[in-house]
Number of protein chains: 2
Amino acid sequence: MISNTLRRAFTTTTSSAKVGFIGLGNMGGHMANNLLAAGKEVVLYDIFADPVDRLVSAHPNAASAAATPKELASSCDTIITMLPSNPHVKSTYMDGETGLLAGVNAGTLFIDSSTIDPAVSREVAAACEAVSTSFVDAPVSGGVGGAEAGTLTFMVGGADADFAKADDVLSIMGGNIVHCGGVGTGEVAKLCNNLVLGISMAGVCEAMKLGENLGIDTKVLAGIMNTSTARCWSSDTYNPCPGVMDGVPSSNGYQGGFGSALMQKDLGLALDASRANGVPAPMGATAFQLYSMMMAHGAGGKDFSALFEFLEGTHTKNL
Amino acid sequence: MISNTLRRAFTTTTSSAKVGFIGLGNMGGHMANNLLAAGKEVVLYDIFADPVDRLVSAHPNAASAAATPKELASSCDTIITMLPSNPHVKSTYMDGETGLLAGVNAGTLFIDSSTIDPAVSREVAAACEAVSTSFVDAPVSGGVGGAEAGTLTFMVGGADADFAKADDVLSIMGGNIVHCGGVGTGEVAKLCNNLVLGISMAGVCEAMKLGENLGIDTKVLAGIMNTSTARCWSSDTYNPCPGVMDGVPSSNGYQGGFGSALMQKDLGLALDASRANGVPAPMGATAFQLYSMMMAHGAGGKDFSALFEFLEGTHTKNL
């Protein structure tokens with residue numbers, strides 16, 4: 001009987017340096033496409049066949065499909081996952097029948113770009129380490145536009161050597177690769193960033209709405225805030241008040257951008273972490289409830305800056 | 001009998017272009033001193049004798065004291081007020097026995113730099129107009145340091161001609177004089193700015209505290225937030241987490257800066273306006289309660305960024 005270790009070592013030797021990519025949604029589809037366009041051989045998996053078929057058709061010589069994560073793992077030495085949330089990541093890696101770790105070769109590097117609970121990242125990383133593979137969490141910012149353009153920011157948590165190794169593929173998909181610390185710290189950075197973002201956007205919505213009702217010109221108000229202590233990305237780059245800036249969702253009926261439901265999800269993850277660690281987060285909790293209220297009113301698909309119109313009651317539902 | 005109008009016209013002609021200054025606290029004392037240092041003749045009033053005496057001693061040829069606001073008004077054609085809040089402004093202007101409007105000359109320009117409810121500014125402005133004087137609201141940002149250095153930002157609400165006339169004294173006390181619109185809009189700008197500031201600071205405190213507990217290096221976290229969508233003055237210029245930045249209150253035991261009680265006052269004014277105008281402000285309400293909690297725990301005199309240590313329960317009381 002060949003030991004697992006020996007079998008893995010053998011398989012590693014014969015694998016052909018392919019990249020695996022699991023999760024071909026709005027973000028992952030563009031990311032995988034950029035890898036293929038850069039000349040990588042990529043093995044694809046998604047629970048839906050369509051996005052896999054599209055990429056295989058577009059790149060017939062470099063893209064191939066796998067039937068399960070387990071099958072994908074057997075032929076790849078770098079595997080990227082881009083999944084909706086905690087349970088999808090856990091089952092994709094750890095399902096005993098079809099999961100990645102059931103078929104992986106020793107020495108494989110996993111890169112999880114999903115936005116999830118850092119505690120789950122650490123749990124999955126431990127499972128990866130137990131079968132002689134390594135794991136980094138590498139959630140992104142930059143949205144669908146950044147995914148398509150290959151300019152994402154990756155916030156990476158993991159060992160130095162794994163961070164260095166991951167750069168080969170991350171630098172194809174992103175413009176800014178930041179090493180945040182050990183496993184999980186990429187997720188921590190992402191959740192903390194979006195915690196502030198969701199809070200500050202909600203604050204700017206309240207202030208712009210109040211100012212408008214109190215009779216100040218909203219462009220004048222934004223100009224003052226942007227050169228004073230209220231200065232923030234939500235005001236100076238993504239102002240939620242229609243007419244203040246061009247080229248942002250507030251000037252386009254709040255279409256596109258980053259959906260309220262996605263912000264609500266990220267705030268929920270931050271609050272899970274705050275609860276698990278005993279850190280009070282009343283501002284995050286209030287912001288979470290506001291974006292939840294937008295979802296309940298049918299505006300979860302609109303950009304999160306649509307909280308501005310939701311505060312005044314003029315919001316419209318998703319199409 | 002000489003009509004009021006004639007008497008005012010006569011008095012105006014004989015007044016000697018003095019500047020009146022009422023409210024010589026932490027801010028007003030420095031502001032009046034800068035006017036005197038620039039060669040203005042200034043008539044002073046405060047409910048406390050000490051700050052008046054100090055300025056008169058320092059500038060014996062240019063500073064003089066008045067016994068009441070009414071007396072001060074009779075000898076000045078430009079009058080600046082810098083008072084704690086709504087009731088002080090109303091009584092200083094409108095008290096029938098001793099108030100400014102009881103003794104004012106026609107044509108006088110009032111400049112109120114107090115941070116108050118814009119509705120009160122508009123009420124006082126109407127009373128000023130009724131006795132042939134004019135009024136601008138001109139609240140400031142820049143703190144005690146800016147007041148001392150003469151680099152304050154003035155947010156001015158009032159008619160164009162009054163704004164132009166106010167520049168003569170405002171430009172001595174400030175580095176940035178912004179015309180926000182009609183009467184009250186200076187206060188609107190100030191309250192909206194501080195609404196966002198109080199909210200974003202509380203958000204940054206929650207995120208930095210959560211990140212620290214989750215094991216990311218706080219300087220790395222701040223660096224990521226400051227180059228991403230969490231970027232804001234509260235993070236990149238005034239970070240509340242000790243050790244992240246030098247020269248800010250968080251690196252000096254949260255001494256100096258802008259007290260939690262002052263932020264709570266400004267948020268309360270914003271919430272008063274939101275209530276009066278039917279604008280929901282749940283984020284502002286939550287932030288107000290957090291700074292109120294700090295006050296209840298004896299930390300109202302500490303810089304408002306001390307919410308960081310208050311969240312972790314390591315705060316200390318004021319001295």
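**Two domains and a chain-to-chain contact**

Chain A of this predicted model is divided into domain 1 (4-182) and domain 2 (188-312).

Q: How many Å separate the centres of domain 1 and domain 2 of chain A?
A: The domains span residues 4-182 and 188-312. Taken over C-alpha atoms, their centres are separated by 31 Å.

Q: How many residues of domain 1 of chain A are in contact with domain 2 of chain A, and how do they divide by class?
A: On the domain 1 side, 11 residues are in contact with 11 residues of domain 2. That side of domain 1 divides into 6 nonpolar, 4 polar and 1 charged.

Q: How many helices and strands does chain A have, and what is its radius of gyration?
A: Chain A has 14 helices and 9 strands. For 319 residues the globule rule gives 20 Å. The value for chain A is close to that, so the chain is as compact as a globular protein of that length. Its radius of gyration is 21 Å.

Q: What box do the C-alpha atoms of chain A fill?
A: The box is taken along the principal axes. Its dimensions are roughly 80 × 45 × 35 Å.

Q: Which helix gives the most to the side of chain B that touches chain A?
A: Here 56 residues of chain B are in contact with 56 residues of chain A. Elements supplying at least two residues each to the chain B side include strand S8 (152-157), strand S9 (174-181), helix H13 (260-276) and helix H14 (282-296). The top contribution is 19 residues, and it comes from H10(B).

Q: How many nonpolar, polar and charged residues has the side of chain B that touches chain A?
A: This is the chain B side of the contact, with 56 residues. By class, the counts are 34 nonpolar, 18 polar and 4 charged.

Q: Why is H9(A) oblique to H11(B)?
A: Helix H9 of chain A covers residues 185-213, and helix H11 of chain B covers residues 218-226. Their axes come within 10 Å and cross at roughly 55 degrees. Angles of 35 to 65 degrees count as oblique, so H9(A) is oblique to H11(B) because of its crossing angle of roughly 55 degrees.

Q: Is the crossing of H9(A) and H11(B) left-handed or right-handed?
A: The two axes come within 10 Å. H9(A) passes H11(B) in a crossing that is right-handed.

Q: Which residues of H11(B) meet H9(A)?
A: From H9(A), the residues are Ala189(A), Cys192(A), Asn193(A) and Val196(A). By class, the contact has 6 nonpolar, 1 polar and no charged residues. On the H11(B) side, the partners are Leu221(B), Ile224(B) and Met225(B).

Key: Residues numbered from 1 in each chain as written. Chains lettered and ligands numbered in written order. Predicted model: local features only at pLDDT ≥ 70, side-chain atom pairs only at ≥ 80, totals over all residues. Axes fitted to C-alpha atoms, helices over the stretch in contact; angles between N-to-C directions. Helix = DSSP H or I, 4+ residues; strand = E, 2+ residues; numbered from the N terminus. Parallel < 35°, antiparallel > 145°, perpendicular 65-115°, else oblique. Left-handed = near helix turned anticlockwise from the far one by under 90°. Contact = placed C-beta atoms within 7 Å. Nonpolar A, V, L, I, M, F, W, Y, C, P; charged D, E, K, R; others polar. Domains from an automatic or database assignment. Rg over C-alpha atoms; globule rule 2.2 N^0.38 Å.
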